[in-house]
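This report describes the fold of one protein chain and then a few of its residues. The overall picture comes before the local detail.

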Amino acid sequence: MELIRGLHNLRPRHRGCVATIGAFDGVHLGHQAVINHLKSKADELRLPSTVIVFEPLPREYFAPVKAPARIMSFREKFRAMEQLGVERLLRIRFNEALQEMSARQFVEDVFVAGLGVRYVVLGDDFRFGNDRQGDIHFIQRYGEAHGYEAVPTPTEEWQGDRVSSTRIRQVLEAADFDRAERMLGRPYCISGKVIYGRQLGQTIGTPTANLQLHRLRAPLAGVYAVQVSGGGLHQAQGVANVGVRPTVDDSIKANLEVHLLDRNIQLYGQHIEVCFRHKLRDEKKFDSVEELRANIERDIENTRSWFAQHQV
């Protein structure tokens with residue numbers, strides 16, 4: 001899949017495509033329905049499929065600390081789109097200039113002048129433009145004048161629930177991983193590059209792999225039984241902590257660290273994927289490192305017990 005980094009990198013060969021636009025946080029079943037529609041029409045018209053996303057997400061730009069936690073990083077989103085067969089991903093930087101752009105100007109600059117779209121697929125609840133006029137009806141009206149067709153994709157539901165990024169954040173916060181998996185179409189996982197941490201885990205006998213999350217907050221927090229793949233591992237059992245490490249420091253940025261059961265391998269520099277299976281407890285600040293160590297040992301035993309009782 002080709003990544004186009006910004007409107008300034010559009011070339012004449014990018015003109016003439018089937019396109020969609022959205023946040024696509026989580027690339028859940030609703031997003032997958034949009035993308036499947038996109039691919040089907042692209043195949044029919046024998047044109048490339050193009051997905052347009054913003055970085056950062058608009059709500060992150062306006063209020064980084066208060067914005068909803070990301071379900072996935074941009075790298076994870078890219079990989080998910082690639083696996084679904086999308087041919088091009090256009091990443092547009094969300095900044096002050098884009099914030100001030102009207103829906104009409106956006107359609108003219110991006111859909112018409114930039115991409116020369118022939119067909120647009122849009123989720124039925126998506127809005128854009130500083131005037132919030134940019135919806136499927138707006139795009140359809142412009143299509144009549146500029147020679148493209150625009151079609152909505154209806155909301156996806158699962159067991160009476162509207163499948164949305166907001167709903168998935170709620171079930172992740174509640175540690176309902178079965179429901180999250182059904183709405184995502186896959187287990188909920190966080191991937192990242194293993195970096196050097198403070199080495200506290202090594203010091204107290206429970207070495208951990210520390211991941212770069214590339215987000216201010218994660219959609220879950222606490223201690224979990226997990227499975228780890230990558231770096232030579234395949235669904236290796238482990239116990240992970242997601243949070244801000246209150247016993248160690250006062251950071252406000254989310255961290256993910258995972259201890260592998262019965263394994264001691266070097267993962268520095270490797271990309272691994274941590275899949276969440278069961279919540280053991282909330283994150284807690286302990287009075288001492290010794291108390292922290294005792295609780296980690298208890299977490300490890302609880303993780304062993306959970307995996308012994310569940311086939312995943």
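A residue is called buried here when its relative accessible area is under 20%, and exposed when that area is over 50%. By this cut-off C17 is buried, because its relative accessibility is 0%. The model is a predicted one.

**Overall fold**

The secondary structure of the protein chain consists of ten helices and 14 strands. Its radius of gyration is 22 Å, close to the 20 Å that the globule rule gives for 312 residues, so the chain is as compact as a globular protein of that length. Along the principal axes, the C-alpha trace spans about 70 × 40 × 35 Å. Of the 312 residues, 50% count as buried. Among the contacts between residues at least 6 apart in sequence, 73% join residues at least 24 apart.

The protein chain exposes about 15400 Å², and carbon and sulfur atoms supply 45% of that area. As for charge, there are 42 positive and 39 negative charges, and their mean positions are 3 Å apart.

**The disulfide**

A disulfide is a covalent bond between the sulfur atoms of two cysteines. How many disulfides does a search of the whole structure find? The search finds one. It joins C189 to C275, with an S to S distance of 2.0 Å. The two cysteines belong to distant parts of the chain: C189 is in strand β9 (residues 189–195) and C275 in strand β14, 86 residues apart. The link of C189 and C275 is right-handed, with 90° about the S-S bond. C189 counts as buried because its relative accessibility is 14%, and C275 is likewise buried because its relative accessible area is 10%.

**Strand β3 and helix α3**

T50 is located in strand β3 (residues 49–55). With a relative accessible area of 0%, T50 is buried. Leaving out residues up to four places away in sequence, T50 touches C17, V18, A19, T20, L38, R88, L90 and L115. One of these partners, C17, also has a relative accessibility of 0% and counts as buried.

Helix α3 covers residues 74–83, and its buried residues are F74, E76, K77, F78, A80 and M81. Which elements do the buried residues of α3 pack against? They pack against β1 (2–5), α1 (29–45), β3, β4 (88–93) and β9. Strand β3 is the one that holds T50, and strand β9 holds C189 of the disulfide. After α3 comes G85, whose phi is positive, near 90°.

S73 is found in the loop between α2 and α3. It counts as buried, because its relative accessibility is 5%. Apart from neighbours within four places in sequence, S73 is in contact with L213, H214 and R215.

**Backbone geometry in the loops**

Most residues other than glycine have a negative phi, and most peptide bonds are trans. V27 is a residue other than glycine with a positive phi, near 45°. V27 lies in the loop between β2 (18–21) and α1. R46, also not a glycine, has a positive phi of about 55°. R46 is found in the loop between α1 and β3.

Are V27 and R46 buried or exposed? V27 counts as buried because its relative accessibility is 1%, whereas R46 counts as exposed because its relative accessibility is 78%.

A cis peptide bond joins E55 and P56, with omega about -5°. P56 is placed in the loop between β3 and α2 (58–62).

The loop residues discussed in this report, with F286 added, are placed as follows.

| Residue | Loop between |
|---|---|
| V27 | β2 (18–21) and α1 |
| R46 | α1 and β3 |
| P56 | β3 and α2 (58–62) |
| S73 | α2 and α3 |
| F286 | β14 (271–281) and α10 (289–309) |

**Towards the end of the chain**

F286 follows strand β14, in the loop that leads to α10. F286 is buried, because its relative accessible area is 5%. The C-alpha atoms of F286 and V312 are separated by 31 Å, the two residues being 26 apart along the chain. Strand β14 is also the element in which C275 of the disulfide is found.

Key: Residues numbered from 1 in each chain as written. Predicted model: local features only at pLDDT ≥ 70, side-chain atom pairs only at ≥ 80, totals over all residues. Heavy atoms only, no water. Helix = DSSP H or I, 4+ residues; strand = E, 2+ residues; numbered from the N terminus. Buried < 20%, exposed > 50% of the residue type's maximum accessible area, 1.4 Å probe, protein only. Rg over C-alpha atoms; globule rule 2.2 N^0.38 Å. Contact = heavy atoms within 4.5 Å. Areas by Shrake-Rupley, 256 points an atom, 1.4 Å probe, with all protein chains shown as cover. Lys, Arg positive; Asp, Glu negative; His and termini not counted. Charge placed at Lys NZ, Arg CZ, Asp CG, Glu CD. Disulfide = S-S within 2.5 Å.
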